[in-house]
Amino acid sequence: MALNDLRVLDLSRLLPGPYCSMMFADFGADVIKIESIDGDPARLDPLISDEKQAMFHSLNRNKRSLCLDLKSPEGSNHFLKLVKEADVVIESFRPGVMDRLGIGYETLKSENKRLVYCAITGYGQSGPDRTKAGHNVNFISRAGILDLSGHAGEKPVIPPAQIGDIGGGGLLAFSGIMIALHERDRTGVGQFVDISMLDGALSWMQTSLPQFLSSGAQESRGELPLSGSLACYETYETKDNRWFAVGALEPKFWRLFCEQIDRPDLISRQTGDAAVQREVKREVQREFHKRSFQEWSAIFANSDACVTPVATFAEMTKDPQVVHREMIQDDAPSGRTIAQPIRLSETPARVRTGAPALGEHTEQIIQHGWVHRNASVKE
């Protein structure tokens, strides 16, 4: 597999770091998940975990679990032994915690100059809020995302996907580590990768923030072209209280859409001002209320008007495109799971093992270190 020569030590918990190390594990890296005796809170926290620990199992597949007390000399010594032969360390403690444990970056670098060390934090390793607590909702609120989420005149809507944690944290950490590994191939020296989830979330604002930076004009909730202001880029309710998403931005798509809802009179009104957009929305909504979800599904099934049903999970998992792409893996070792979206033609990712039990590989790793890798990782 593509990354089966990499050795990753993951001290992170919950979502951002485990998502990052899952990316490595799915492509064959030997990922050792280092946990305290209490384990990753994602195993048992009732606010984020169901009785089957579904999220934990999805994020921690293909990994091994090692229980260490990093506050004890014995625990830190075992960790340092592993670091000597590791390629990557991932951690998500607040800045300064690893230093207080005696295993900060400078210490680890002296043990292994090739080590790539990635710290995923809310606000980064510098700045006035570097040690401040936070969660996804805090990062996207400070990044300006939440202020623009939802309908005009209504309260901000928290997105169901964790944009700050995964987009600003886990994915950018994976990217940063891969860049650092590429540089290490040239120089033989690793480096520190500083990932701030606030920074990452802010960097996702590419369709709205550049306009503010160039003009100083602040758009309001529900007024962005791609977030509520345009009739051609909106959601509409059907007669039976289901919804459709319309993304007919280009004139050719809008024309086709108007023809298919039998309203060619609206074609010329795609680009009107706010008052026009509100009126066109009302007219389009009237049309959608005339038919059921199934009727509209049939009308747009083979259409190129960029109109799609707002799917439930049950519908999404049966979507022919999703099924064809095998994005829901039904035969994974730990049951149905989300597949790896990155597709490589020669060295694809695979879900080889389910998430480990807490400390499942502690004895194996303490006795043999990296030598006795899970045989399946070598495939």
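User: What is a salt bridge here, and how far apart are the closest N and O atoms of Glu279 and Arg282?
Analyst: A salt bridge is a side-chain nitrogen of Lys or Arg within 4 Å of a carboxyl oxygen of Asp or Glu. In this predicted model, Glu279 and Arg282 are three residues apart in helix H12, so they are separated by about one helical turn. Both count as partly exposed, Glu279 at 24% relative accessibility and Arg282 at 44%. They form a salt bridge whose closest N and O atoms lie at a distance of 2.8 Å.

User: Which residue of helix H12 is tied by a salt bridge to Arg263 in the loop between helix H11 and helix H12?
Analyst: Arg263 is buried, with a relative accessible area of 13%, and its side chain meets that of Asp265 in a salt bridge of 2.9 Å, N to O. A further salt bridge of Arg263, with closest N and O atoms 3.0 Å apart, has a partner that counts as buried at 15% relative accessibility. Because Arg263 lies in the loop between helix H11 (251–260) and helix H12 (274–288) while the partner lies in helix H12, the pair ties together parts that are 20 residues apart in sequence, and that partner is Glu283.

User: Which residues point the other way from Val116, Cys118 and Ile120 in strand E5?
Analyst: In a regular strand the side chains alternate between the two faces of the sheet. Strand E5 (residues 116–121) is mostly covered, with six of its six residues buried. Val116, Cys118 and Ile120 point one way, and the residues that point the other way are Tyr117, Ala119 and Thr121.

User: Which residue in E6 is the bridge partner of Ile120?
Analyst: On one side, strand E4 (residues 88–91) is joined to E5 by four bridges in a parallel arrangement, with Val88 standing opposite Val116. E5 is also joined to strand E6 (residues 192–196), again running parallel, by five bridges. Thr121 stands opposite Ser196 there, and the bridge partner of Ile120 in E6 is Ile195.

User: Which strands are the edge strands of the open sheet of six strands?
Analyst: The order of this open sheet is E3-E2-E1-E4-E5-E6, with parallel pairing. An edge strand pairs on one side only, and this applies to strand E3 (63–67) and E6.

User: Which residue of strand E7 contributes to the nonpolar surface patch of about 230 Å²?
Analyst: The patch is made by Leu226, Tyr233 and Leu249. One of them counts as partly exposed at 31% relative accessibility, and patches take residues with over 30%. The member that lies in strand E7 (residues 233–237) is Tyr233.

How values were computed: Residues numbered from 1 in each chain as written. Predicted model: local features only at pLDDT ≥ 70, side-chain atom pairs only at ≥ 80, totals over all residues. Heavy atoms only, no water. Patch = residues over 30% accessible without salt bridge, like charges linked within 9 Å, V, L, I, M, F, W, Y side chains within 5 Å. Areas by Shrake-Rupley, 256 points an atom, 1.4 Å probe, with all protein chains shown as cover. Helix = DSSP H or I, 4+ residues; strand = E, 2+ residues; numbered from the N terminus. Buried < 20%, exposed > 50% of the residue type's maximum accessible area, 1.4 Å probe, protein only. Pairing = 2+ DSSP bridges.
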